[in-house]
Amino acid sequence: MSNAGRNSGTSSPKRGGGSSSRSSGRNRQKGRSGQQRGGSPSNGGRRTGGPQGGGREADPRTPGRGLGGKQVEGRQAVRELLMAEKRKIFDIFISAELEGDAGVSDIAEIARAQRVPLTYIARAKIERETRSEAPQGVMALAAELEEADLGELLRTRNGVKPFLVAVDGVTDPGNLGAIIRNCDGAGVTGVLLPKHRAVHVTPTVAKASAGAIEHMPIALVPGLPAMLTQLKDHGIWIVGLDDAVDRDLFELESLADEPICLVLGSEGDGLSRLVRQRCDSIVAIPMRGRVSSLNVSAAAALATYEITRGRRPSAD
């Protein structure tokens, strides 16, 4: 068994605390405002709009330097973008074939209420601009996602200890989106992404997350090994997930109820050497069949919910 760190036991250690805040309030607004036909994502067409729309002072098509997320595709992802009301939305484009369709009627309704410019255009024009596999005839252009404040993620808030997930070199956008969606469902309080050698929030990530990017605090960190050392200094236990160890995920026991950071390795190589060295414990998901490992997003779902299960008694 490979197990790095200062303590590999399952007892409940005392190292001090910290925690995080997670804001995911939703407010579905209804009302009336104008909506336009014609135009395209490339030429914009005629626009009307209120406080959120119509301007190009921060062109959503220019490359971002942070998390990304400026182009959002897919019905659920765009719906959550509107409902979260956390960032400026410049435009929404819907395939003309879907005008009046019940599947997008609430998107149009919320956009009108928030005075976001909405344009119906030919499906072919949307498909030329979109970058995810199945945009479902809906695309939005918005301001870049705001990075979470790392200091806030280290704090205990409203009695909830930090429950962080750090991603060590995941490069597949579909995997990252699914991981973020899992984290939102399991009650993770923040996700840590490396600034380099890892995918950030692309349209595919936004769609695969089903809109969870709007609600899950995400922080970019310059170097994951150094950041894990900083987390330890704040009393947060570092648990790596890797299939090359003998210790079982289900042996975490009371450690799950401590301030904790779960580290997920990359799709091919797993945890990097420097990250492994900074883990207090490394655990594996037991595999009973012939396949030796799970996809990283499936592994993330199992591991995060196991930690959630271990934290439930203190919350009840």
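Here are three short exercises on the structure above, each with a worked solution.

The model is predicted, so local features need pLDDT of at least 70 and side-chain atom pairs count only at pLDDT 80 or more, while totals for chains, interfaces and linings use all residues. Residues are numbered from 1 along each chain as its sequence is written, and side-chain values use heavy atoms, with hydrogens and water left out.

**Exercise 1. Follow helix H5 from end to end**

Find what caps the N-terminal end of H5, and which residue follows H5.

*Solution.*
- Step 1: Locate H5, which covers residues 173–186. Helices (H or I, at least four residues) and strands (E, at least two) are DSSP runs, numbered from the N terminus.
- Step 2: Check the span. H5 has 14 residues and reaches 20 Å from its first C-alpha to its last, close to the 20 Å expected at 1.5 Å a residue. The expected span is 1.5 Å times one less than the number of residues.
- Step 3: Look at the start. Asp-172 is the cap, with a side-chain oxygen 3.0 Å from the backbone nitrogen of Gly-174.
- Step 4: Look past the end. There you meet Gly-187, whose phi is positive, near 85°.

**Exercise 2. Compare two residues with positive phi**

Decide whether Arg-115 and Ala-210 are buried, partly exposed or exposed.

*Solution.*
- Step 1: Learn the cut-offs. Buried means under 20% relative accessible area, exposed over 50%, and partly exposed in between (1.4 Å probe, protein chains only).
- Step 2: Take Arg-115, in the loop between helix H2 (102–113) and strand S4 (118–121). Its phi is near 60°, and Arg-115 counts as partly exposed because its relative accessibility is 42%.
- Step 3: Turn to Ala-210, in the loop between helix H6 (203–208) and strand S8 (218–221). Its phi is about 55°, and Ala-210 counts as buried because its relative accessibility is 17%.

**Exercise 3. Place strand S4**

Work out in which sense S3 and S4 pair, and which S4 residue stands opposite Phe-93.

*Solution.*
- Step 1: Strand S3 (residues 89–95) pairs with S4 in the parallel sense over 4 bridges; two strands pair if DSSP finds at least two bridges between them.
- Step 2: Opposite Phe-93 you find Thr-119 of S4.
- Step 3: Inspect the faces of S4. Leu-118 and Tyr-120 on one side, and Thr-119 and Ile-121 on the other, are all buried.
- Step 4: Add Ile-94, which is in contact (heavy atoms within 4.5 Å) with residues including Leu-118, Thr-119, Tyr-120 and Ile-121.

Technical notes. A polar contact is a pair of N or O atoms within 3.5 Å; within protein, one must be able to donate a hydrogen and the other to accept it, and residues adjacent in sequence count only if both atoms are side-chain atoms. Lists of a residue's contacts leave out its neighbours within four places in sequence.
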